[in-house]
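Visitor: I should like to learn how the features of a model such as this one are read. May we take them one at a time?

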Amino acid sequence: MHCQHCIKSVKKSLEDIEGISEVEVSLDPPSADIQMDRHIPVDRLNKALATVGNYTIITNGSAHEGHDHGRGHKENDEDAAHQVATGKWYCPMLCEGEKKYDEPGDCPVCGMHLVPEKASIDADPAEEKAYTVMRRKFWISVAFALPVFLISMGGMIGLPFQQIASERTWGWVQLLLSLPVVFYTSWPFFVKGYKSIRYRSPNMWTLITLGAGSAFLFSVVGLLFPDIFPAQFRTEEGNVHLYFEASVVILTLILLGQVLELRARSRTNQAIRELIGLMPDKTIAIRDGKEIEIPVDQVRLKDILVVKPGGKIPVDGTITEGISSIDESMVTGEPMPVNKTPGHEVIAGTINGTGSFRMRAEKIGKDTLLSQIIEMVQKASRTKAPIQNLADRVSRYFVPIVVIIAILSFIFWAVYGPDPRLVYAFTAAVSVLIIACPCALGLATPMSIMVGTGRGAKQGVLVKDARAIEEMGKVDTLVIDKTGTITEGKPSLNVIWTHGNDDENAFLALVASLENSSEHPLAHAVVSGAKQRGITIRDVQHFQSVSGKGAMGHVSGKSVVAGNDKMMDAEHIHIPPEGIEKAEQLQESGETVIHVGIDSQYAGLLSLRDAIKEKSAEAISHLQAQGLHVIMMTGDNVKTARAVANELHLDGFIAGLLPEEKYQKVIELQNSGKKVAMAGDGINDAPALAQADVGIAMGTGTDVAIESAAITLVKGELDGIVRARKLSTEVVKNIKQNLFFAFVYNMIGVPIAAGVLFPFFGVLLSPMLAALAMSFSSVSVITNSLRLRG
């Protein structure tokens, strides 16, 4: 199977079998899931398939074949290209779904140039070669078409061709000059047109083949057998009006359009190429204690790599030695360099600053963030936005309607037109066929999606599904998780309060030194907070951890106890009223309190909180200003959730939710008519992310969340949602501009070509001008899409 037609044929033939209750057919992989009321032998299924085509059922390694199908037999190499392949090239129009080809070329259905699935440096030579070949053919065509044009129009522009030779002789010269254009430079157009008719998929090439082909054949027959034509087609000398110049000039202009389209199309993948270009070819690895230079694809997990000043990070990993600042703007969209120290993660393709460091390779090859970014951008460019369905429906009926209009134009001019009626009728019919451009309709959406997703990737907004781009602009309710989405997702030291106004740093030094021996996450937060304040960690003696309560030990000759109120009671340390009041105040705000006793006396407390991310407040305010209703759903307790919601002025919050409950709440919002986007970072968010109209994952979150979401924010900050909304608005606006242009162009162009202006202004569009207009319509759509790069 290779297209939607195949899917429908297989599905219908199997559904018609008695005893089969349900059939689901997919293209990639080519398979059918069949639910039967009773067992039905494969041979019975094959008999049904044989009525609709050459399809093969493979069961237990054996193949069962149906009969011949117009799109499936393998008579020659040309047909073999239609077999299902897992190649590198696909049609940008997605005419055959996810079908891919091993070699560059043209789509056999719509005739569009195939584009590389993996936009890579390796794909550039193939694209450049296609452009070079097309450009050479264009100039060859110009060299032959120009003399044909001058000979044909010589009398009108004052060139004395008729004095040199007879009109019939010049007709033979035009034929000879036209042959290289028709049978060499433009022959692929006729092959595409033939295939479009053979596969019952009429498209732009159908119209070009009918228009330019009929003009050429008419001229050949008119030159060889002039007497068979009515008098209206003949001159006073008995020669037939020839249209060699119309045919070759039309084809030359189509070639020009193809040259411009190939050049413009190569720029649409520029964002992906720039991302690919970020990856260095080589890196320095430590092997057997020595620094050696190796290709990046030879890096192994856990390898220690050396990154020199100004160098590019080769793979994702963690710094083990050294300090530097790294420019991550090309991946995260953040303009300022980020300071990195041992323990910090680094991203492949980002650029090191002035420092030198060593790093441990933790993600290599396709697992690196940069590779995932490229894959997601390419995947999005191969998906269809819902708005494209309109263009697809119109395109399906477009060509047959144009052919009917061309026939009606011929009949109308032949009956009601001025003399020579048949000449006018033929000109109008050819012009209608040539000017119509279904290609512009088809390109309107995929070009904008391709350029827009590439632009988004450079701003840290990764779009996995084109549908999300369109839906994001319609969202009116944003549901956000708390931990890891609004907040950092890990505890950090917030308040230091000493009883008796003792020195805070001295107090913290004792507590952090004690906690440095603990494995508890809250202890790590205390130690990290102390180090950030420049406090030196001291040795601890007689350390003891008390499960569920706290820890105790001796630091610098002092007995230090840290923990909850139960720990204080156990060690007979009295918490004064002001300590209890301060603790309750902080706990009401959702913070965790650690009481501290020194030498059996209450000394103060520390509070820790999951800090709100730096950009969360501004981003939420911005989204609310755009009319979004922002609701927080969290599994955390009510106190903590209320504190965060109040601080950020959220429109609402729901606390204590399990993953299934988040999922159900999203459904409830959707059932109430809301268009819901869900932003989260954890495994517990995955069901809700998948259910939401648009799922948005934090790039700093779990792989499960990222896989469940349609959009990923590389930096993991909520301001990425603001950028995603902007991207959605701009891309959808660009698509509508393209569709408007394509619809209006065809709605105006086809009637003018048919001669609607002739009764009022005496204007009848020539086939050559029609070809020029058609060529530039597609180029205009691509050029408008390229504006999204800015």
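Visitor: Is Glu 362 buried or exposed, or does it lie in between?

Guide: The model is predicted. Glu 362 has a relative accessible area of 31% and is therefore partly exposed, since that class lies between the 20% limit for buried and the 50% limit for exposed.

Visitor: With which residue does the side chain of Glu 362 meet in a salt bridge?

Guide: Side chains of opposite charge can pair when their charged atoms come close. Here the partner of Glu 362 is Arg 360, at 3.3 Å from N to O. Arg 360 is likewise partly exposed, at 28%.

Visitor: Which parts of the chain does the salt bridge between Arg 358 and Glu 291 link?

Guide: It links distant parts: Arg 358 belongs to strand S15 (residues 357-363) and Glu 291 to strand S8 (residues 290-295), 67 residues apart. The closest N and O atoms of this pair are 3.9 Å apart. Arg 358 has a relative accessible area of 29%, and Glu 291 one of 43%; Arg 358 is partly exposed, as is Glu 291.

Visitor: How are Lys 726 and Glu 730 placed in helix H27?

Guide: They are separated by about one helical turn, because they stand four residues apart in helix H27. Their salt bridge has its closest N and O atoms 3.3 Å apart. Lys 726 is exposed at 51%, whereas Glu 730 is partly exposed at 26%. Elsewhere, shared partners join Glu 470, Glu 471, Lys 474 and Lys 675 into one network of salt bridges. The count of salt bridges comes to 17.

Visitor: How should the nonpolar residues be read?

Guide: In soluble globular proteins, nonpolar side chains tend to be buried together. In this model the largest nonpolar core has 55 residues, of which Tyr 243, Phe 244, Leu 251, Val 432 and Ile 435 touch the most other members. Several helices give two or more residues to this core, including H4 (123-153), H9 (244-268) and H14 (421-435). H9 supplies the largest share, 11 residues. Among the contacts of Tyr 243 beyond four places in sequence are Phe 218, Val 423 and Phe 426. Another core, of 46 residues, lies apart and includes Met 450 and Leu 713.

Visitor: Which residues make the nonpolar surface patch of about 810 Å²?

Guide: Among them are Ile 404, Leu 408, Phe 412 and Tyr 416. Leu 408 is part of helix H13 (residues 388-416), and its relative accessibility of 52% is why it counts as exposed.

Conventions: Residues numbered from 1 in each chain as written. Predicted model: local features only at pLDDT ≥ 70, side-chain atom pairs only at ≥ 80, totals over all residues. Heavy atoms only, no water. Patch = residues over 30% accessible without salt bridge, like charges linked within 9 Å, V, L, I, M, F, W, Y side chains within 5 Å. Areas by Shrake-Rupley, 256 points an atom, 1.4 Å probe, with all protein chains shown as cover. Salt bridge = Lys/Arg side-chain N within 4 Å of Asp/Glu carboxyl O. Buried < 20%, exposed > 50% of the residue type's maximum accessible area, 1.4 Å probe, protein only. Core = buried A, V, L, I, M, F, W, Y, C linked by side-chain atoms within 4.5 Å. Contact = heavy atoms within 4.5 Å.
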